[in-house]
Amino acid sequence: MQTYVSRLRRCLGESERITRQGSGYLLRTGRDELDAARFEDLVGAARAAADGDPDRAHQLFDEALGLWRGPAFAGFADVLGLAPEAARLDELRLGVLEERIDVGMRLGRHRELLGELTALTMRHPLRERLWGQLMLALHRCGRRADALETYLQVRSVLSEEAGLEPGRSLQDLHRTILGNEQMPTSESGPAPVSPEAQLLAAVRERRTTDSARMLPPALADFSGQHAELEQIERVLRNDRAAHAPAAVVAVSGPGGIGKTALAVQAAHRLRSAYPDGQLFAVLDGVRSQPADPAAILGRFLRALGVPATAVPDDADERTSLYRGILAERRVLVVVDDALDEAQLAPLMPAGGTCGVIVTGRVRLGGLGGAHRIELRVMSEGDSLAMLRAGTADQLDSASREELSDLVRLCARLPLALRIVGALLLSRPHWGPADLVSRLADAQRRLDMLRYRDLEVRTSFGLSYEGLRPEARRLFRLLGLLEAPDFPLWAAAAAVDGELLPTQDLLDELIDVHLLEVTGTPNGQARYGFHDLIRVYARECAEAEEEATARDESVVRVLGALLAFTDFTDREHMGQNMFRREAPRWRPERVEAALPRAVVPMRLLDLERVSLVTGVRQAAALGRDELCWELAVGGHALFEVERYFDEWQECYDTAMRQADIAGNVRGRARLLVSMAGLLYTRRWYGPAEKSNSEAMILFEQIGDHQGYLEALSNAPFFLVPNGRLAEAIATGREAYERLTAGGQAAAALHAYSQVGLAHLQAGRPQPAAEVLAEIIDEARKHRILTLVARDTYWLCQAQLALGRLAEAAAAVSELSGHMRDFGASGPFYLAHARGCVQLACGEYADARRHLTEAVEVARALDDPMFETRSLIDLLDPRLYDGHEARAAIGQGEHAVEVARRIDYPYLLAGALEQLAGLHALAGDGTGAANLATEAATVRADIR
């Protein structure tokens, strides 16, 4: 959280805008910066201008409404307890909409308001004021019959939904229009016609299509997908010329996602826009025998009033007759579960008076001009609403946790949620907890998600059976992976295939929504399953693949992951640092699939979860060598980005497997990795112990290379303990032996601690020479992380030598290496900048950057970074006497942390700075005592 706040401060450019308050933070804003407050202010101004300057009022109302981007506090209202305020703002917004429409009507803009009013009455069918505005706008446009028809429509809606008659205002407006009384308008209407004649004409016009009401009932518990519903309405309510193409919306998505429910719901809401009828047909696109479009046309023609004996036998003649009938009528055509564009072509109207909604599991890319909507799983809130709507009061006793578990186990799939609701209603002796326990078993989950003719497994199976055999095999083998998503090379490894043919198979799975693209980071697509589809894929693998074939597929994917870690490790450190023996899957194919010019750790970060799940799967298969190599393969990433939990989990899993198998080399290599974790967490004593144990094991089995790698880490544990002479000797020995063995990266890694030991021993000149040498060599070998880290230390050495220009140049270079540091980058840069500014007497800037370094260190939970930056932040030059007294608490904290991590050099520095603060505050005795203790600690550092 502190990291986020620090970033926000930088974005705002004013650090005082966000301040600490109690246990949290306060963002200070002006009233004109809050959209809710600006909205209310603009509305007040618009109302004030409404009588005298309606144009100005309309402009202000528009500006106010333009601030809205969706419901108030969308996604946060319930979480933050803001539901009442959200409801107030949403109601206020609707009222303002109505006021703005009133002003627009006064300005004679009734014709341009028709589309908006039609949409609003569909979205808010119980708001009588909107209906009245629509009736008035229609009447002023000369569409008196439509205005009267609108009154019948609102009367029906109010009766069905609320059991009420229209209010007095609507009734009076209806009588006025029915009596053809003149109303203020900026346009003259057509010649008066008696209301009776108009109504009779409307009935006569619609008589031939009375039977064309083929829509199935809308779902009473329809929930979610409101944004998609609005998209469909927006596209299909647009008036089009008769010669224009029909408006088409294509809805795609996996089985059970709610495509049909959405299409039917939208069609019912669009009835007023298509008064001449609604046609509906199911095309059975995923079944073995899809529907014949000619047979569907026969049904449509009969529904449109063509006698059965007059329906042509020829398919083309049926299409021509169908399009001729629809040419001047406003009819909505809904076709569900389409196979492809060829099946749809005969059913498409020819003119713009009609609209079409198509659903299908395949993406219908050949429908030119269609508006495409791809459905995904619902939000948790919408899923809960759907579950509650479908179970009456059956869930009243359920806890929030039980409801969340039900939604999670249904993977927010509408079909699964509908089945769960039906099960709870049909089995009153089951409670939500019973169903949660039954669904918790992944192997039985699809068995449970079945109620009469509703079944999740069958829905998925229809898509699966329509695939080519190669695509079915890829689908089921990918289901064996525990990683949440994966790249192309992992899919190729699953089937032991080439990259391009595998890409074609992935695209086939995506087309039918059995697989989805989860993202394209760095331009590289990643693929994943919907949770329930993954369960189905695994079922298919267990039913259709031999156990040996299943295991071999998983091992290939994990071998590809190892090849990938080899590549990123080599790019990150300039070379691979230990012997690798577990089988790799086709490294050349893996590398060919990787994007170029991307930081290696950024690529590896995408596979972080895959590494953790891969270690688990390797352990489950009893592949100890594969298991520990995967765990070690993540070492660099876990260290750079500080993924301590994942690091520990991989170590624990792999070490158990190495112990079971008696794999001494694996155990030794894992101990080296654990030493790195302990060191990064600043537990120096346990880190040294783990590394020493690894060196003993490597010696026992005669692994010279492993021993040298562990030796390269030894100086890192000696420097914090204050054993500087020993660190220099060990670092030089490791450097020489590793260089002779061709291990340049490990050699420079060890040698860097020689430079740091000289620096902490008060010898900045040899420190600067060693660090400069390391940086030059690291550049030659492209070991960018080492270049970045030792540039930071070189800056510190230059400051100790008083070479401020060289130190400032090092900081400038450091800013270009931020991505090479990983998560620690912001600390290194902020601390180095603060130190240089402090040395240059730029105290305000120094204090700001050193404070930032402390905040970043605390966000990283790094006590060594925190202490190092506090020591510089507590420099007495930054304080006067009063401020020094306030800073003493920080100094005491720095001393406490340095003692806890047992780092004598930092402890001495913290004690010295605290002594200076006490002296500045007028406490000479306290300052002298602290200075004496600091001198004692520093004397023990050798």
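1. Ser252 sits across from Gly360 of strand 6, a good place to start. Strand 3 (residues 247–252) runs parallel to strand 6 and is joined to it by six bridges. Strands here, like helices, are DSSP runs numbered from the N terminus (E, at least two residues, for strands; H or I, at least four, for helices), and two strands count as paired if DSSP finds at least two bridges between them. This is a predicted model, in which local features need pLDDT of at least 70 and side-chain atom pairs count only at pLDDT 80 or more, while totals for chains, interfaces and linings use all residues. Numbering starts from 1 along each chain as its sequence is written, and side-chain values use heavy atoms, with hydrogens and water left out.

2. Strand 6 (residues 355–360) has another partner: strand 5 (residues 332–336) pairs with strand 6 in the parallel sense over four bridges. In that pairing, Val333 stands opposite Val356. Six of the six residues of strand 6 are buried, where buried means under 20% relative accessible area, exposed means over 50% and partly exposed lies in between (1.4 Å probe, protein chains only). Look at both faces: Gly355, Ile357 and Thr359 are buried on one side, and Val356, Val358 and Gly360 on the other.

3. On confidence, the chain has a mean pLDDT of 88, with 95% of its residues at 70 or more; pLDDT is the predictor's confidence in each residue, from 0 to 100. Among the elements, helix 22 has the highest mean at 98, and helix 9 (residues 195–207) the lowest at 35. Residues 182–211 stay under 50, and the model has 35 contacts beyond four places in sequence for this stretch. A contact means heavy atoms within 4.5 Å.

4. Now the cavities: there are seven of 30 Å³ or more. A cavity is a set of points, on a 1 Å grid over the protein atoms alone, where a 1.4 Å probe fits but cannot get out, and lining residues have an atom within 4 Å of a point. Points are joined across faces, edges and corners, and the volume is the space filled by probe spheres set on them.

5. The largest cavity holds about 1000 Å³ of space. Its lining has 48 residues, of which His635, Glu639, Phe716, His749 and Arg789 are the closest to the centre. Helix 32 (residues 664–680) gives the most to this lining, with six residues. By class, the lining of the largest cavity has 25 nonpolar, 13 polar and 10 charged residues. The classes are nonpolar for Ala, Val, Leu, Ile, Met, Phe, Trp, Tyr, Cys and Pro, charged for Asp, Glu, Lys and Arg, and polar for the others, Gly among them.

6. The second largest cavity has about 100 Å³ of space. It is lined by 15 residues, with Ala483, Val557, Leu558, Leu561 and Ser610 the closest to its centre. Helix 22 (488–495), helix 25 (547–573) and helix 28 (608–620) each supply at least two lining residues, and helix 28 has the largest share, with four. This lining divides into nine nonpolar, four polar and two charged residues.

7. Elsewhere, three strands make an open antiparallel sheet in the order 10-12-11. Strand 10 (485–486) and strand 11 (516–519) are the edges, each pairing on one side only. Three bridges join strand 11 to strand 12 (residues 526–528), and Glu516 stands opposite Gly528 of strand 12.

8. There is also a hairpin: strand 1 (residues 18–21) and strand 2 (residues 24–27) pair in the antiparallel sense over four bridges. Gln21 stands opposite Gly24. Two residues lie between the strands, and Gly22 in the turn has a positive phi of about 65°.

9. Two single residues to click on. Thr150, in helix 7 (residues 144–162), counts as buried because its relative accessibility is 7%. Beyond its neighbours within four places in sequence, Thr150 is in contact with Trp131, Leu134, Met135 and Leu138. Leu107, in the loop between helix 4 (83–106) and helix 5 (110–123), is partly exposed with a relative accessible area of 27%. Not counting residues up to four places away in sequence, Leu107 touches Pro54, Asp55 and His58. The C-alpha atoms of Leu107 and Ala338 are separated by 47 Å, and the two residues are 231 apart along the chain.

Technical notes:
On a 1 Å grid over the protein atoms alone, a cavity is a set of points where a 1.4 Å probe fits but cannot get out, and a pocket is an open set with protein on both sides within 12 Å along at least five of seven lines; lining residues have an atom within 4 Å of a point.
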